[in-house]
Amino acid sequence: MYQTDFSKEEFQARREKVYQAIGTEAVAVVRGSPKNLGLDSFRQNNDFYYLCGVEVPHAYLYLDGKKHTTTLFLAHQSAERKEYEGEILSAENANLGRELTGIDRVLGIEFLARSLEKAQVLYTPLRQAEGPGMSWDTLQRAQQEVTTDPWDGRPDRTRHFIATLRMRCPMAKLLDLSPVLDELRLIKSDQELSLLRKAGQLSALGLIEAMRCTKPGVIEYQLDAVMRYHYLANGARDVGYRAIIAGGANAWYAHYNANNCPLQDGDLVLVDCAPDYHYYTSDIGRMWPVNGTYSPAQRELYGFMVTYHKVLLRLIRPGVTGTQIQEEAAVQMAEVVEKTKFSKDIYAAAARRALKSAYHMSHCVGMAVHDVGDYGGKPLRPGMVFALDPQMYVPEERLYIRVEDTLVVTETGIENLTLDAPLELEEVEALMQESGLLDRFPAQG
C-alpha cells in the first residue's frame, strides 16, 4: 500500500522546506505520473515520490504555503479494479491514506480544481518529471526532437499541464518549483545515502559478474543480462538507465547503447550500468580486455586514467570547488605525464589534454543517474553525490578511455559508493579468470 524506505517525518520535513521556499502567499501543485500504457509495473516520478512517497497513478500534491498543510488528491479505484488488481491508495480509502502518509488531507481528484481556483501565486515544476530510466537532460533532448519533427511537434505532458493551469487558473501567477526541488535533492539525507550505498554495491556486483563473463564471442547484451540478474535478485526494480556495453570501436561513442555486437579478441570493452534500487541509482564505468589481459597500449592508456582517477579520489573534500580539485590534480598528474614513456606521441598529447578538461567531476547522482541539482562552482558540501569520471580522447585512433565511480562528500573527504568494483588492472585480470554465470548457463542460438 505504501513505501517503507522513508519515515512520514522525513517527507514532512521536505515539504516544510517547500513551504518556506514558496512563502505564505503561494501554493504549489506537483503532479504524479499517469497509469502505464503497457503492462510494466507502475513507478512514480521522482519529484512526486520525493515529497510524499505515494506510488499510485494520477495523483496530485497540493502544498499551501500559508497554512503549511498538504492535500493529496487521488484517483478513484472501482470495485472491479480492486478485485482484479488488489487495493491501492485511492479516494475510496482516504482515511488509510492519511494514516500511512501523514499528509493532512486526502481527497478525490475531482476536488483539486476547487483548491486551485483562488490561487494568486502558483508554483509547479516547469521541467519534465523523471520516470524510470530518465534524467532531466535526456528528457530535454528527446522533447527537442519531438518539437522539431514536422509530423509530430506535440507538447510533452508537463507543457500540457502548464497550459491547462494557465487556462483554468488565469488569475494565478505561475512560477517554477523546479529550482526549489533541485536544491533540496542536491543534499542527500542519511536514509537516501543508505539506498545509494546499496545501489552502488549492486552496481559493483553486476560489473564484477560482467568481467567474469567476458570472453571473445560474447554479445554485448549478454553482459547487460548478467548484471540485471544481480540487480533484480537483490531487490532492484530494474536498471537505472540503459547500459553502455561498448566493445572495441563502439566505445568511441560515449553513450553507445545498441549493445548488439560480439566482443572481439584484443579489444577493450567499456561497461557502464547501474540499478534502480528503491528509486535510487548509481553510476559506474570500467574498461577491461575481452581476452582477459591488457595489451601494452591498453595498459598504458587505461592505466594512466586509473592513476588520474586515484589522484582525484584523494583530493576531493568538502569546502573547495570541483575546479580547485581538478587544478590540484592536474598539477600532480603533469609530473606523471612527463615521467611516463608513452609509446606514441599522440598518447602523450591526449594525456596532456585530459588534464585540461573541466568535466572529470561530472553530474550529480541520486534518484536519476544525471540527477537534478548543480554543484558546479560551489564549495562541496557533505551529502552531495556525484560521478567522478575522468576521460581521455585519442581522436587519431578513435579511442575513448574512461573510469568512473559514484562518490558522496563526507565531513572529512569522500565515501566511494562503488568501491567494490576492482580498479587496479591486475585485480581485473585476476577476476576475469574466474567462472561466471554464462559459464553455467551458456546462451543458446
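## Exercises around helix α13

A348 is found in helix α13. The model is predicted. The exercises start at this residue, move to the neighbouring helices and end with the whole chain.

**Exercise 1. Decide whether A348 is buried or exposed.**

Solution.
- Take the relative accessible area of A348, which is 11%.
- Compare it with the cut-off: buried means under 20%.
- A348 is therefore buried.

**Exercise 2. Find how far apart the C-alpha atoms of A348 and Y393 are.**

Solution.
- Along the chain, A348 and Y393 are 45 residues apart.
- In space, their C-alpha atoms are separated by 11 Å.

**Exercise 3. Describe how α11 and α13 are arranged.**

Solution.
- Locate the helices: α11 covers residues 296-315, and α13 covers residues 345-356.
- Their axes come within 11 Å and cross at roughly 20°.
- Angles under 35 degrees count as roughly parallel.
- α11 and α13 are therefore roughly parallel to each other.
- Add the handedness: α11 passes α13 in a right-handed crossing.
- Now list the residues that touch. E300, L301, F304 and Y308 come from α11, while α13 supplies Y347, A351, A354 and L355.
- Sort this contact of α11 with α13 by class: seven residues are nonpolar, none is polar and one is charged.

**Exercise 4. Do the same for α12 and α13: state how they pack.**

Solution.
- Helix α12 spans residues 322-339.
- The angle between α12 and α13 is about 175°, and their axes are 10 Å apart.
- The cut-off for roughly antiparallel is an angle over 145 degrees.
- So α12 is roughly antiparallel to α13.
- On the α12 side, the contact uses A330, M333, A334, V337 and E338. On the α13 side, A351, R352 and L355 take part.
- By class, the contact of α12 with α13 holds six nonpolar, no polar and two charged residues.

**Exercise 5. Check the radius of gyration of the protein chain against that of a compact globule.**

Solution.
- The chain has 445 residues.
- A compact globule with 445 residues would have a radius of gyration near 22 Å.
- The protein chain has 24 Å, which agrees.
- For the extents, use the principal axes: the C-alpha trace spans about 70 × 50 × 50 Å.

**Exercise 6. Sum up the protein chain by its helices and strands, its burial and its contacts.**

Solution.
- Count the elements: there are 15 helices and 17 strands.
- Turn to burial: 54% of the 445 residues are buried.
- Finish with contacts between residues at least 6 apart in sequence. Of these contacts, 71% join residues at least 24 apart.

Terms used: Residues are numbered from 1 along each chain as its sequence is written. This is a predicted model: local features need pLDDT of at least 70, side-chain atom pairs count only at pLDDT 80 or more; totals for chains, interfaces and linings use all residues. Side-chain values use heavy atoms; hydrogens and water are left out. Axes are lines fitted to C-alpha atoms, for helices over the stretch in contact, and angles run from 0 to 180 degrees between N-to-C directions. Helices (H or I, at least four residues) and strands (E, at least two) are DSSP runs, numbered from the N terminus. Angles under 35 degrees count as roughly parallel, over 145 as roughly antiparallel, 65 to 115 as roughly perpendicular and the rest as oblique. A crossing is left-handed if the near helix is turned anticlockwise from the far one by less than a right angle, and right-handed if clockwise. Contact means heavy atoms within 4.5 Å. Ala, Val, Leu, Ile, Met, Phe, Trp, Tyr, Cys and Pro count as nonpolar, Asp, Glu, Lys and Arg as charged, and the others, Gly among them, as polar. The radius of gyration is taken over C-alpha atoms; the globule rule is 2.2 Å times the number of residues to the power 0.38. Buried means under 20% relative accessible area, exposed over 50%, partly exposed in between (1.4 Å probe, protein chains only).
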